[in-house]
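Work through the following exercises with the model open beside you, and try each task before you read its solution.

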Amino acid sequence: MKQTLPNPLYYLSNFQTVLDWVSERYDDILIPEERCFIADFGNLPQASQALYVRMVMRKGDYFRQSKLSYPEIGDIHQAMLPLLKTGWINPDPILTLDQLFELLQKPEIVAAFSLTGPHKQLRKAEQLDYLRSISNEPKLFSAWYPLSTESVVHIKNKALCDRLRLIFFGNWHQDWSEFVLSDLGIYRYEAISFSMESRGFQTRRDVEDYIDLQVCRELFHAEEPIALVLERLAKVHIENDWINRRRDKLLFQLGQQAEKQKDWDQALAVYVMSRYPGARLRIIRVLEKAGQSAAALQRLNEALNAPESDAELQQLQLSAPRLNRKLGHQKPVTPPIAKLDIIELRLPYPEVPFYVEGVVKNQLTQENAPVYYVENTLINSLFGLLCWSAIFKPIPGAFFHPFHRGPVDLTSADFHSRRLNDFAACLAQLDSDDYLITIRHTYQAKLGIQSPFVFWGALDEDLLNLALTCIPAQHLRHWFQRILSDIKANRNGFPDLIQFWPNDRRYNMIEVKGPGDRLQDNQQRLIDYCALHQMPISVCYLDWLEDSP
C-alpha cells in the first residue's frame, strides 16, 4: 500500500525549509541573485509557489502545460501567471529539434512536420535523423508546432535552486526525496545540535570550488581525455579540507585511469599530486611498471618506516621481495603468517538454491551453539552502539544538515584524533559492566535511526544478548580499536559467521571459503590481528562430495 503524507503541499513545506535554513545559516555567502530569489519566492501566492516547486523537483527543464496537473494546486493557468511576471518561467521557449522530440509524441511530430508516405511510418528515432538533415535550427515551440492547442513552459533558473540544494546538503547526490523519506518515517536521522561553525561551506569560494570540482568529475565519468580533466582541475584552488579530500579522490581515480592506459608518466604525475589513501602504493607500483625499480624500492623503504595503515603495510611487505629480487638484493625477512584454525567440510551438493555461508551455518549449528551469518554487521553494530555519542558529536565540519547518516569526515585521517577524548571515554566503559548498559540503552533509544555502523536489520535482541554474553570486553576493545585505526579499511573483511556457546560464555568467528575460493588480503590481515590478540577465528573450507553433481 502506497504511503501518503497528511499535508498535500509537503513538497512546498520541504522546499521552504531549505530556503529558510540556507537564508539563516549561509546568508553571508549567498550572491544577490540567490537572496532576491528567496525573497521573491516568499511573496508569491501559495499556488504559484507550489507549481514552481513541482517543476523544480521534476526531471528536466521543459514541461508541457497539460502534464502539470495537481489537485492541490487547482487552476494551473492562474498559478502560472505570477510566475511569468518573475521572469523565472518562459511560456514559449526556443527549442532545438532534439528537445522538441523529447516533448512530442509521434502523431504530433507527424502533424507538426506534415510527414507523409514513408517518413510517416519511420520510427521516432529515424524521423529525428531525417528531420535533422532538413530543419535543425532552434525555434520557438509555437513556430515548431503552430497547430498545437497547448504550450510548453521552460523553468529558467533551476540551476539556482540546485545551488541552494547543494549549499543545504553539502553534496549533489542528496535530493528533495530525503525529506519525503524522512517524513514517511522510512529514514530516521540522529538529531544534531548545529552551530554556525557546522557548515559545509564557509565562503562563497567553497561553493564555486565544489561546483568546479563536480564539473571535473563529470568530465572524468564522461571519459574525456585525462589531460583535459587535469587542465580544468588545475584552475581549481581549494582551501576547504573536506572538498580537498574529494579532489584527492578524483586525482587518484585519474591516476588509475592513466595506469589502465599504460601511461606511466601521466599516472605518476597524477598520483604524486594526490593525498588519497593508497596513492603512495600506486606510485611505487607505477615506478616498478615503468622500469624504475630502484626508485620504487627507495620509496617502498621510506613507506615501510611510516606506513599509513595496516593495509598499506601488508601490500608493502608483499612487494618488497619482488623488488629486491629484481635488483639482486637479499630477500627481506617477511613476517610469519598466523597459523590458521581450519575447519574442513565435505558435503553433498544441495538440491535447492543455496549460498555457501548458509550451508556451513546450517551444518555447524548445534542446539546449544547457534551460528549466525553476520559478516560485517555485528562488530560494527556493537561499536556503533557503544560509541554513538562520539560518532555523532556535532563538531565543526562534521554535520551540515539534518539528514546525515554519519559525520562527513568519517573516513578522513583525523576522524579519531578530532574526537580522541570522546572515544576514549566510550571505550573506558569496557573496563566495567557499564558498556553493557550503554549498548543496550542505545539499542532501545536509537532503534532504526540511520548510522554508518549499526545494521538494524541484522541485529535483533537475541543476537545482541548472545554477543554481549559470549564476547569478552577485552576482545570488543581490540575490535573497536582496530576499526578506529582505519575506518575505511577495517569496517570490512569480518568473517562470515559467528558461533556462540552461551553456557561457556565463548564464541568463534568463521570465515567461509567455497570450492576454489581463497582468503583476501583484508581477511588475512584480520586473521593476523586475531592471532596477535588471541581472539578465536577459524577458516572453513567447504567442498562437495565427489558424487555430487
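Two strands count as paired if DSSP finds at least two bridges between them. The model used throughout these exercises is a predicted one.

**Exercise 1. The three-stranded sheet**

Task: Find the residue of β5 that stands opposite N90, and place the pair within its sheet.

Solution. Begin with the sheet as a whole, which is open, consists of three strands in the order β1-β5-β2, and has antiparallel pairing. Its edge strands are β1 (62-64) and β2 (89-90), each of which pairs on one side only. Next, take the pair formed by β2 and strand β5 (residues 152-155), which run antiparallel and are joined by two bridges. Within this pairing, N90 stands opposite H154 of β5. Finally, look for the helix that packs on this sheet: α3 touches β1, β2 and β5, and its direction makes about 80° with that of β5.

**Exercise 2. Two helices in contact**

Task: Decide whether α3 and α4 are roughly parallel or roughly perpendicular to each other, and describe the residues that join them.

Solution. Two packed helices are described by the angle between their axes and the distance between the axes. For helix α3 (residues 46-57) and α4, the axes come within 8 Å and cross at roughly 85°. Angles of 65 to 115 degrees count as roughly perpendicular, and α3 and α4 are therefore roughly perpendicular to each other. On the side of α3 the contact is made by A47, S48, L51, Y52 and M55, while α4 contributes I76, A79, M80, P82 and L83. Sorted by class, the contact of α3 with α4 has nine nonpolar residues, one polar residue and no charged residues.

**Exercise 3. The surroundings of T86**

Task: State in which helix T86 is found, how exposed T86 is, and which backbone nitrogen its side chain reaches.

Solution. T86 belongs to helix α4, which covers residues 76-86. The relative accessible area of T86 is 29%; since buried means under 20% and exposed over 50%, T86 is partly exposed. The side chain of T86 reaches the backbone nitrogen of W88 at 3.1 Å. For a sense of scale, compare T86 with P332: the two are 246 residues apart in sequence, and their C-alpha atoms are 73 Å apart in space.

**Exercise 4. The five-stranded sheet**

Task: Trace the order of the five strands, and then explain why β8 is described as largely enclosed.

Solution. The five strands form an open sheet with mixed pairing, in the order β6-β10-β9-β8-β7. At the edges are β6 (342-347) and β7, each pairing on one side only, and neighbouring strands of this sheet are turned by 30° against each other on average, direction ignored.

Now follow the pairings. β7 and β8 run antiparallel and are joined by three bridges, with V371 opposite Q499 of β8. β8 and β9 are likewise antiparallel, over five bridges, and here R506 of β9 is the bridge partner of W501. The hairpin of β8 and β9 has four residues between the strands, and in this hairpin R505 takes a positive phi near 55°. By contrast, β9 and strand β10 (residues 537-544) pair in the parallel sense over five bridges, with C540 of β10 as the bridge partner of V512.

For the last step, consider the two faces of β8: L497, Q499 and W501 point one way, I498 and F500 point the other way, and all are buried. Because five of the five residues of β8 are buried, this strand is largely enclosed by the rest of the structure.

**Exercise 5. A helix beside the sheet**

Task: Identify what caps the N-terminal end of α24, and list the elements against which the buried residues of this helix pack.

Solution. The N-terminal end of α24 is capped by D460, which has a side-chain oxygen 3.3 Å from the backbone nitrogen of D462. In helix α24 (residues 461-470), the residues L463, L464, L466, A467, L468 and C470 are buried. The buried residues of α24 pack against two helices and three strands, namely α20 (377-386), α23 (434-445), β7 (371-373), β8 (497-501) and β9 (506-513).

How values were computed:
Residues are numbered from 1 along each chain as its sequence is written. This is a predicted model: local features need pLDDT of at least 70, side-chain atom pairs count only at pLDDT 80 or more; totals for chains, interfaces and linings use all residues. Side-chain values use heavy atoms; hydrogens and water are left out. Buried means under 20% relative accessible area, exposed over 50%, partly exposed in between (1.4 Å probe, protein chains only). A polar contact is a pair of N or O atoms within 3.5 Å; within protein, one must be able to donate a hydrogen and the other to accept it, and residues adjacent in sequence count only if both atoms are side-chain atoms. Axes are lines fitted to C-alpha atoms, for helices over the stretch in contact, and angles run from 0 to 180 degrees between N-to-C directions. Angles under 35 degrees count as roughly parallel, over 145 as roughly antiparallel, 65 to 115 as roughly perpendicular and the rest as oblique. Contact means heavy atoms within 4.5 Å. Ala, Val, Leu, Ile, Met, Phe, Trp, Tyr, Cys and Pro count as nonpolar, Asp, Glu, Lys and Arg as charged, and the others, Gly among them, as polar.
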